[in-house]
Amino acid sequence: MTDPIADYLTRLRNAIMAHHRVVEVPASNLKKSITKILFEKGYILNYKFIEDGPQGTIKVALKYDPITKKNAIKNLKRVSTPGLRKYTGYKDMPRVINGLGIAIISTSKGVMTNKEAATEKIGGEVLCYIY
């Protein structure tokens with residue numbers, strides 16, 4: 001697998017399209033950080049890290065509206081790929097749907113959202129957009 005973050009986003013996207021409640025993905029520290037951000041921002045219902053074997057897995061409970069059955073995540077878009085990395089400074093931080101969505105940035109101080117990175121005045125690699 002050449003791009004584990006794209007695989008993570010694709011597994012989430014496929015589970016949303018199939019209206020699954022829970023999706024399991026192989027774990028890594030970067031995926032754990034992205035999952036924590038999704039939970040803190042209210043895009044997923046819950047998550048659980050399962051340590052089985054050398055890698056482990058992440059169980060992600062997806063969040064749906066009880067009345068309309070729509071998912072909290074409308075779109076997941078991978079920005080920086082292994083073939084073409086996208087970096088940004090804190091002054092040129094991307095805004096996703098005029099601030100309604102989030103961009104996940106990998107910085108020297110860890111993985112954070114675009115708003116947190118702009119507040120700390122730190123740039124980094126733009127991993128994905130979520131809205």
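Let's start with polar contacts across the domain boundary: between domain 1 and domain 2, the count is one residue pair in polar contact, with both residues at pLDDT 80 or more. That pLDDT value is there because what you see above is a predicted model. And how many salt bridges are there between domain 1 and domain 2? The count is zero.

So who are the two partners? Domain 1 covers residues 4-62 of the protein chain, and domain 2 covers 76-130. Their centres, taken over C-alpha atoms, are 19 Å apart. If you turn the structure to look at where they touch, you'll find 12 residues of domain 1 in contact with 14 residues of domain 2.

How much area is buried between domain 1 and domain 2? About 1100 Å², and carbon and sulfur atoms give 80% of that. On the domain 1 side, please find Leu9, Ile37 and Tyr43 for me. These three lose the most area to domain 2, and together they make up 41% of what the domain 1 side buries.

Now, which elements does that side come from? Two of them give two or more residues to the side of domain 1 that touches domain 2: α1 (4-17) and α2 (29-40). By residue type, this side of domain 1 divides into nine nonpolar residues, one polar and two charged.

Let's come back to salt bridges, this time over the whole model. The structure holds six salt bridges. In one of them, the side chains of Asp3 and Arg78 meet, with 3.0 Å from N to O. Why pick this pair? Asp3 lies in the segment before α1, while Arg78 is in strand β4 (residues 76-78), so the salt bridge ties together parts that are 75 residues apart in sequence. Try finding both residues in the sequence, and then in the structure.

My last stop is a pair of strands. Strand β6 is residues 102-107 and strand β7 is residues 110-113, and the two pair in the antiparallel sense over four bridges. What joins β6 to β7? A hairpin does, through two residues. To get your bearings there, look for Ile105, which stands opposite Met112 in β7. While you're looking at strands, here's a handy idea to keep in mind: in a regular strand, the side chains alternate between the two faces of the sheet.

That's my tour, and I'm happy to take questions!

Terms used. Residues are numbered from 1 along each chain as its sequence is written. This is a predicted model: local features need pLDDT of at least 70, side-chain atom pairs count only at pLDDT 80 or more; totals for chains, interfaces and linings use all residues. Side-chain values use heavy atoms; hydrogens and water are left out. Domain bounds come from an automatic or database domain assignment. Contact means heavy atoms within 4.5 Å. Buried area is the accessible area (1.4 Å probe) that two parts lose on being put together, summed over both. A salt bridge is a side-chain nitrogen of Lys or Arg within 4 Å of a carboxyl oxygen of Asp or Glu. A polar contact is a pair of N or O atoms within 3.5 Å; within protein, one must be able to donate a hydrogen and the other to accept it, and residues adjacent in sequence count only if both atoms are side-chain atoms. Ala, Val, Leu, Ile, Met, Phe, Trp, Tyr, Cys and Pro count as nonpolar, Asp, Glu, Lys and Arg as charged, and the others, Gly among them, as polar. Two strands pair if DSSP finds at least two bridges between them.
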